[in-house]
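Colleague: I should like to learn how to read salt bridges and the exposure of the residues that form them. May we go through the structure step by step?

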Amino acid sequence: ERSLAFYRDVLGFEVLEEEGKAVHMRGLGLAFLLLPEASEAWPAGAYGTRATLSFDLIVEDLNEAQTYFQGHGVPCEGDLSAGFLVIRDPDGLRSEIVQA
């Protein structure tokens, strides 16, 4: 439920269909499949030290984006002066937030 709420309510993805516990979603012009049956979260570690697929979310104002995500309880990492920050979903999967 936490992951579904994150992608639906925080990132604004649309739920297309629920198939058992799997949830088909659409957002950013792409289709996603949320598989919430994992027994554990992605292990903690420095960003970029584990192979993973990440996507960039482009925003106009990085400070405003950070305020938005923090207001929704989303962990934020990174250096705003470098032009990006990193957020984690409830399972520890990270995405970059990049200022246009």
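Modeller: Let us start with R88. In this predicted model, R88 is partly exposed because its relative accessibility of 29% lies between the limits of 20% and 50%.

Colleague: With which residue does R88 meet in a salt bridge?

Modeller: The general idea is that a side-chain nitrogen of Lys or Arg must lie within 4 Å of a carboxyl oxygen of Asp or Glu. Here the partner of R88 is E77, at 2.9 Å from N to O. The two belong to distant parts of the chain, 11 residues apart: E77 is in strand β5 (residues 76-77) and R88 in strand β6 (residues 84-88).

Colleague: What is the relative accessibility of E77?

Modeller: The value for E77 is 25%, so this residue also counts as partly exposed.

Colleague: Which other side chain meets E77 in a salt bridge?

Modeller: That side chain belongs to R94, with an N to O distance of 3.4 Å. R94 lies in strand β7 (residues 94-99), 17 residues from E77. Through shared partners, salt bridges join E77, R88 and R94 into one network.

Colleague: Is R94 buried or exposed?

Modeller: R94 is buried, because its relative accessible area of 15% is under 20%.

Colleague: How many salt bridges does the count give?

Modeller: The count comes to three. One of them pairs R8 with D9, whose closest N and O atoms are 2.7 Å apart. R8 is partly exposed at 33%, and D9 is likewise partly exposed at 46%.

Terms used:
Residues are numbered from 1 along each chain as its sequence is written. This is a predicted model: local features need pLDDT of at least 70, side-chain atom pairs count only at pLDDT 80 or more; totals for chains, interfaces and linings use all residues. Side-chain values use heavy atoms; hydrogens and water are left out. Buried means under 20% relative accessible area, exposed over 50%, partly exposed in between (1.4 Å probe, protein chains only). Helices (H or I, at least four residues) and strands (E, at least two) are DSSP runs, numbered from the N terminus.
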